[in-house]
Amino acid sequence: MRTAIISDIHGNCFALDKALADLREQRVSQTVCLGDAIQGGPQPVQVVARLQELGCPVVTGNADAWLLSGIDTSTVEEVTEKQIQTREWSLSQLSDVDRDYIRAFQPTVEVPLGGGKRLLCFHGSPYSFDDIILSETPEKDFHRFLDAFRPAIMAGGHTHMQQVRRLDNTFFFNPGSIGLAYNRHQPGEGFKADAWAEYAILSCEAETLSLEFRRIPFDPNEYIQIMLSSGIPYAEDLAGRYK
């Protein structure tokens with residue numbers, strides 16, 4: 001069985017479409033989305049429509065929850081005025097039906113893989129969509145987040161970073177970001193995003209497991225034009241990430 005895992009679309013349907021076109025050629029059996037699907041980009045309505053067409057389970061991300069509630073639960077970053085205005089714009093684009101669809105996202109999703117194996121999907125950790133698991137997260141904290149959920153294979157998003165870490169006899173992985181891939185270790189000034197969509201494919205055949213990370217390029221200039229014509233606040237700033 002081949003399972004596609006997508007995450008962190010952030011309202012970028014242009015990148016999502018590139019990833020889905022690639023995904024359709026990969027013979028996957030099922031797809032799951034790890035959240036942060038709608039907020040932050042120029043195409044929130046289009047992303048909702050595409051996920052509904054795909055019919056896959058979707059995990060609630062911190063940005064999904066904040067989009068609906070306006071309540072910031074993160075202890076890492078303060079919400080900026082730019083984010084507040086972008087949230088208000090996103091809500092103005094979404095219908096009541098769209099909002100109900102987002103409300104139906106789940107804290108965690110468990111996906112059967114066959115052969116008695118299962119994949120546990122979440123955004124930050126199984127405990128909270130705000131938890132952060134990085135490649136450099138100390139081993140003690142890594143085990144604190146995940147030990148109770150072994151022997152499941154585990155997938156989380158949130159950090160926009162493709163990675164895999166062993167957890168005793170199982171493992172955790174992050175498929176990266178569909179709509180806002182970037183280098184977490186770049187200098188603080190002059191933030192730049194990557195012009196590609198990231199996702200992963202987990203294959204389970206009898207006792208054999210394999211994990212593939214994929215990066216699908218897209219035209220940054222075409223995406224810039226989508227942003228500039230969308231009406232999203234601070235479109236020039238968003239476009240600057242790709243120049």
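The following exchange works through a predicted model, from its helix packing and cores to its cysteines and unusual backbone angles.

Trainee: How are residues numbered here, and which residues count for local features?
Mentor: Residues are numbered from 1 along each chain as its sequence is written, and side-chain values use heavy atoms, with hydrogens and water left out. Because the model is predicted, side-chain atom pairs count only at pLDDT 80 or more, while totals for chains, interfaces and linings use all residues, and local features need pLDDT of at least 70.

Trainee: Do the buried residues of helix α2 line one face or opposite faces, and within what arc do they fall?
Mentor: Helix α2 spans residues 44–54 (helices are DSSP runs of H or I with at least four residues, strands are runs of E with at least two, both numbered from the N terminus). Its buried residues (under 20% relative accessible area with a 1.4 Å probe and protein chains only; exposed is over 50%, partly exposed in between) are Pro44, Val47, Val48 and Leu51. Seen down the axis, with directions taken from the helix axis to the C-beta atoms, these residues line one face of α2, since they fall within an arc of 100°.

Trainee: Against which elements do the buried residues of α2 pack?
Mentor: The helix is followed by Gly55, whose phi is positive, near 70°. Counting contact as heavy atoms within 4.5 Å, the buried residues of α2 pack against β1 (2–6), α1 (13–23), α4 (81–93) and α5 (96–103).

Trainee: Which element supplies the largest share of the largest nonpolar core?
Mentor: A nonpolar core is a set of buried Ala, Val, Leu, Ile, Met, Phe, Trp, Tyr and Cys residues joined through side-chain atoms within 4.5 Å, and the largest one holds 41 residues, of which Ile6, Ile9, Leu51, Ile178 and Tyr199 touch the most other members. At least two residues of this core come from each of β1, α1, α2, α4, α5, β8 (196–205), α7 (220–230) and α8 (235–240). The largest share, 7 residues, comes from α1.

Trainee: Where is Phe171, and which residues does Phe171 touch?
Mentor: Phe171 is found in strand β7 (residues 170–174), and its relative accessible area of 17% makes Phe171 buried. Its C-alpha lies 8.1 Å from that of Ala152, although the two are 19 residues apart in sequence. Leaving out residues up to four places away in sequence, Phe171 touches Ile153, Met154, Val164, Arg165, Arg166, Leu202, Leu209 and Leu211.

Trainee: Which backbone nitrogen lies 3.0 Å from a polar atom of the Ser125 side chain?
Mentor: Ser125 lies in the loop between β4 (117–122) and α6 (139–146), where its relative accessible area of 3% makes Ser125 buried. Beyond four places in sequence, Ser125 touches Asp131, Ile133 and Phe145. The backbone nitrogen lying 3.0 Å from a polar atom of its side chain is that of Tyr127.

Trainee: Why is Cys33 not bonded to Cys56?
Mentor: The structure holds 0 disulfides (a disulfide being a pair of cysteine sulfur atoms within 2.5 Å). Cys13 is in none, as the nearest cysteine sulfur, that of Cys33, is 12 Å away; Cys13 is buried at 1% relative accessibility, and Cys33 is buried at 0%. The closest cysteine sulfur to that of Cys33 is in Cys56, which is too far for a bond, at 5.7 Å.

Trainee: Which residues does the cis peptide bond join, and what is omega?
Mentor: Most residues other than glycine have a negative phi, and most peptide bonds are trans. Pro151 has its place in the loop between α6 and β5 (153–156). The cis peptide bond joins Arg150 and Pro151, with omega about 10°.

Trainee: Is His160 buried or exposed, and what is its phi?
Mentor: His160 lies in the loop between β5 and β6 (163–167). At 7% relative accessibility, His160 counts as buried. Its phi is positive although the residue is other than glycine, with a value near 60°.

Trainee: Is Ala206 buried or exposed, and what is its phi?
Mentor: Ala206 lies in the loop between β8 and β9 (208–217). At 61% relative accessibility, Ala206 counts as exposed. Its phi is also positive in a residue other than glycine, near 55°.

Technical notes
A polar contact is a pair of N or O atoms within 3.5 Å; within protein, one must be able to donate a hydrogen and the other to accept it, and residues adjacent in sequence count only if both atoms are side-chain atoms.
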